[in-house]
Amino acid sequence: YPCIALITILFLSHPTSSQECQSQCPPITDTGKLVSSLCENDSVSTAQSSVNYPICHPTLTSTPSSIQLSNFRQAGHVTVIANYYTGCEAGRRESGVFAHVAQRWNDAYPNVNFVTSLKGGGDCSYWSNTFQKDATDLYPESDLVPTTMPLTIDDDASQIEDYYFTSPYPHPSYVILDENLVVKNKIVGPCCGYESYFECEPSTARELDATLSEIITEILESYGETVAAATESPTGAPIMGTAAPITSAPTTLEPTPIPTTEDEIGCNVDEFTEWSSCSTTCGPGVQFRWRIVSSKANNYSG
């Protein structure tokens, strides 16, 4: 008899990027493996809470040069830690919301503190200032300007990220700690999954405001606090007040006055061209324009 071979081919589904933008903790790898991580109801270890982190921003005389999270292990305290990268990441859009929320809540409740873990290269202070400017753009109806919060730590060594947001936990993301430095919530921000800063709309980023405010309110009320003041901006507008849309056009700085007459220039020149497009879509960039020397003046010696 002829030999007949029956072959069964079984296709097993391979987990895709299982974590993606989910807040699942412990996080899960592409191969379905759970990664040990700090999750809800876990306590920050004594060793980790004692690590000394230098603060790069704000640079005020009243701001300590460094902090230990153990400083916030006090009765009635709430600590919110944010996980951000520099540059045009979508998380930058959220960072402006975070700066506004941080200042608003800390003004009303000094026992609520906000810490930013910032990494990705570049100048930590520059990006922190950018986040604060973004905050005023995102809340044009508010007269609040972030100055003392959040406390930003240059985390290029990923000390905070590796412990509080162990990979592959997504970003932007947040850990909210209670008075005993126990994780009450660990969440992923609304801009997760967007490719760039401009793709995450301001209205989407501002969803973070309501989420964090709800969590903080719940924790404070569990301490017996009556929470009201920080649910509105200083102007009385609701925390989710409608803000004007933010355009993606970079800010153009006008040059210093330039010579225009033949005597001033020493030659005849054409008009300047239009400005070139900016070399970047966010962060420091370069624009230029030029003009052509059409004829040399009589006194031209160059």
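## Helix α3, its surroundings and the disulfides

Q132 lies in helix α3. The model is a predicted one, and this residue is a convenient place to enter it. Q132 is buried, because its relative accessible area is 11% and the cut-off for burial is under 20%. Leaving out residues up to four places away in sequence, Q132 touches H57, A99, P146, T147 and M149. One of these neighbours also takes part in a closer interaction between polar atoms: the side chain of Q132 reaches the backbone oxygen of P146 at a distance of 3.5 Å.

Another of the residues touched by Q132 is A99, and A99 belongs to the α2 side of the contact between α2 and α3. Helix α2 covers residues 91-108, and its axis passes 7 Å from that of α3, at an angle of about 75 degrees. The two helices are therefore roughly perpendicular, since angles of 65 to 115 degrees are counted that way. From α2, the residues that meet α3 are R92, R93, S95, G96, V97, A99 and H100. From α3, the partners are W127, T130, F131, Q132, D134, A135 and L138.

Helix α3 itself runs over residues 124-138, and C124 in this helix is linked to C56 in strand β1, residues 53-57. The link is a disulfide with its sulfur atoms 1.9 Å apart. The angle about the S-S bond is -50 degrees, which makes this link left-handed. The pair connects distant parts of the chain, with the two positions 68 residues apart in sequence. Both cysteines, C56 and C124, are buried.

Strand β1 leads back to the loop before it. N52 is found in this loop, between α1 and β1. With a relative accessible area of 45%, N52 is partly exposed. Not counting residues up to four places away in sequence, N52 touches S66, I67 and Q68. With S66 there is a polar contact, side chain to side chain, at 3.3 Å. Q68 is 16 residues from N52 in sequence, while the C-alpha atoms of the two are 4.9 Å apart in space.

How many disulfides does the structure hold? There are four, including the link of C56 and C124 already described. Another joins C21 to C192, with an S to S distance of 2.1 Å. The link of C21 and C192 is left-handed, with -85 degrees about the S-S bond. C21 lies in the segment before α1 (46-49) and C192 in the loop between β7 (183-188) and α5 (202-205), so this disulfide ties together parts 171 residues apart in sequence. C21 is partly exposed at a relative accessible area of 35%, whereas C192 is buried at 14%.

A further disulfide is formed by C25 and C39, whose sulfur atoms are 2.0 Å apart. The link of C25 and C39 is left-handed, at -80 degrees about the S-S bond. Both C25 and C39 lie in the segment before α1, so the parts tied together are 14 residues apart in sequence. C25 counts as partly exposed, because its relative accessibility is 23%. C39 counts as buried, because its relative accessibility is 8%.

The next topic is the nonpolar interior. The largest nonpolar core has 56 residues, and those with the most contacts inside it are F98, W105, F114, Y164 and I176. Helix α6, residues 207-222, gives the most to this core, with six residues. The surroundings of F114 can be followed residue by residue. Leaving aside neighbours within four places in sequence, F114 is in contact with V80, F98, V101, A102, W105, N106, M149, P150, L151 and I216. Two of these partners, F98 and W105, are themselves among the residues with the most contacts inside the core. M149 is in contact with F114, and M149 is also touched by Q132, the residue in helix α3 with which this account began.

Some totals set these details in the context of the whole chain. The protein chain contains seven helices and nine strands. Of its 302 residues, 43% are buried. Among contacts between residues at least 6 apart in sequence, 70% join residues at least 24 apart.

Methods:
Residues numbered from 1 in each chain as written. Predicted model: local features only at pLDDT ≥ 70, side-chain atom pairs only at ≥ 80, totals over all residues. Heavy atoms only, no water. Disulfide = S-S within 2.5 Å. Helix = DSSP H or I, 4+ residues; strand = E, 2+ residues; numbered from the N terminus. Buried < 20%, exposed > 50% of the residue type's maximum accessible area, 1.4 Å probe, protein only. Core = buried A, V, L, I, M, F, W, Y, C linked by side-chain atoms within 4.5 Å. Contact = heavy atoms within 4.5 Å. Polar contact = N/O pair within 3.5 Å; in protein donor to acceptor, adjacent residues only side chain to side chain. Axes fitted to C-alpha atoms, helices over the stretch in contact; angles between N-to-C directions. Parallel < 35°, antiparallel > 145°, perpendicular 65-115°, else oblique.
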